[in-house]
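Biologist: Please show me the model and its sequence. I should then like to go through its salt bridges and its sheet with you.

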Amino acid sequence: MNKIAMVAMIGLTTVFAVPHAFAKQSEIAVIVKTANSNYWQNVSKGASDAEKSLKGKYKITFQGPDSETAVADQVNMVDNAINRGVAGIVLAPSDPDALIPEIKKAWENGIPVVLIDSALNKKGEQYYQSFLSTDNRKAGAIAADKLIAKNGKEGKVSVMSFTPGAGSAIERVGGFTDEIAKNSHVKIVGPYYSQSDMATALNQTIDAMASNKDITALFGANEPTATGMARAIKQLGYAGKVVAIGFDGNTLLQDFVRDGTLDGILVQSSYQMGFKGVTTVDAIINKQKVEKFIDTGVIYVTKANIDSPEAKAVLY
């Protein structure tokens, strides 16, 4: 083991020794799945506010590939950050396996890594110091419970997912489908994978509803997917006639909740992922113990509570 980059696991907390020799810059690199999404821009806002709260102690940089499926581009971004000797990395990994070699390289070079939003597979757990995310399996189960409450225990639900293999997609959809199977007789169609592309999700929803005239409910598992799904529902004239629940909370999805196209949206605090991601890196650098997993929570937003302070704190 490289003694300079030692991770000591104590229960669910991590101590990471980061020598100043490796922190060549005061930069914390925030690298997300794509820069082309309001969800990830909200991470950027949180990281920027953390930079201010730390009074300029670090320079925060923010970047992401053009799309969530451009995994090789994200790998290169992480590699470049390591090579320029950043103080730490906040990363939303696009793939649970492809980023592990880079996270290991960061660990070997004494650069702390805090994951946000999506996990790595088990073999990567020893190389990062903390993971900040919604408990996606729990959030998926909440979505299923809300859908059953509105739809009833019979019928058919179309599951509109996003990137196959992404940790957040696996957990979120897994939690949803497990809860549907456990607590209802609702039949599941799909999942369909939009590759986090709104237009693809729109067309997939149209196709799913054309092929399954008896669909009574739909679940859109992330921002672009839920947006495309809602647009298809509205375009086909099914708004208010099927139960529809989305995930994430940009202005388009909020509008679909307000007009009744969506019954509700599960909203994560991506802002908190950015803010706490940066401050957690700072804590690690200062040799403070941090939790291995930090749940940033989720709120179910409906027409009834969309203007509440609790909802406004996470909507973007």
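Biologist: Is Asp 178 buried, partly exposed or exposed?

Modeller: This is a predicted model, in which local features need pLDDT of at least 70 and side-chain atom pairs count only at pLDDT 80 or more, while totals for chains, interfaces and linings use all residues. Residues are numbered from 1 along each chain as its sequence is written, and side-chain values use heavy atoms, without hydrogens and water. Buried means under 20% relative accessible area, exposed over 50%, and partly exposed in between (1.4 Å probe, protein chains only). The relative accessibility of Asp 178 is 46%, so the residue counts as partly exposed.

Biologist: With which residue does Asp 178 form a salt bridge?

Modeller: A salt bridge requires a side-chain nitrogen of Lys or Arg within 4 Å of a carboxyl oxygen of Asp or Glu. For Asp 178 the closest N and O atoms are 2.9 Å apart, and the partner is Arg 137.

Biologist: How many residues apart in sequence are the parts that this pair ties together?

Modeller: Helices (H or I, at least four residues) and strands (E, at least two) are DSSP runs, numbered from the N terminus. Asp 178 belongs to helix α5 (residues 167–183) and Arg 137 to helix α4 (residues 136–151), so the parts tied together are separated in sequence by 41 residues.

Biologist: Which residues are joined with Lys 45 into one salt-bridge network?

Modeller: Lys 45 and Asp 49 meet through their side chains at 3.6 Å, N to O. They are 4 residues apart in helix α1, and therefore separated by about one helical turn. Salt bridges with shared partners join Lys 45 into one network with Asp 49 and Lys 52.

Biologist: In what order do the 6 strands of the open sheet lie?

Modeller: Two strands pair if DSSP finds at least two bridges between them. The pairing in this sheet is parallel, and the edge strands, β4 (59–63) and β14 (293–295), each pair on one side only. The order is β4-β3-β5-β6-β7-β14.

Biologist: What angle does the direction of helix α1 make with that of β4?

Modeller: Axes are lines fitted to C-alpha atoms, for helices over the stretch in contact, and angles run from 0 to 180 degrees between N-to-C directions. Contact means heavy atoms within 4.5 Å. Helix α1 (residues 38–53) packs on the sheet and touches β3 (27–31), β4 and β6 (113–116). Its direction makes with that of β4 an angle of about 175°.

Biologist: Which residue of β14 is the bridge partner of Phe 131?

Modeller: Strand β7 (residues 130–133) pairs with β14 in the parallel sense over 3 bridges. The partner of Phe 131 in β14 is Phe 293.
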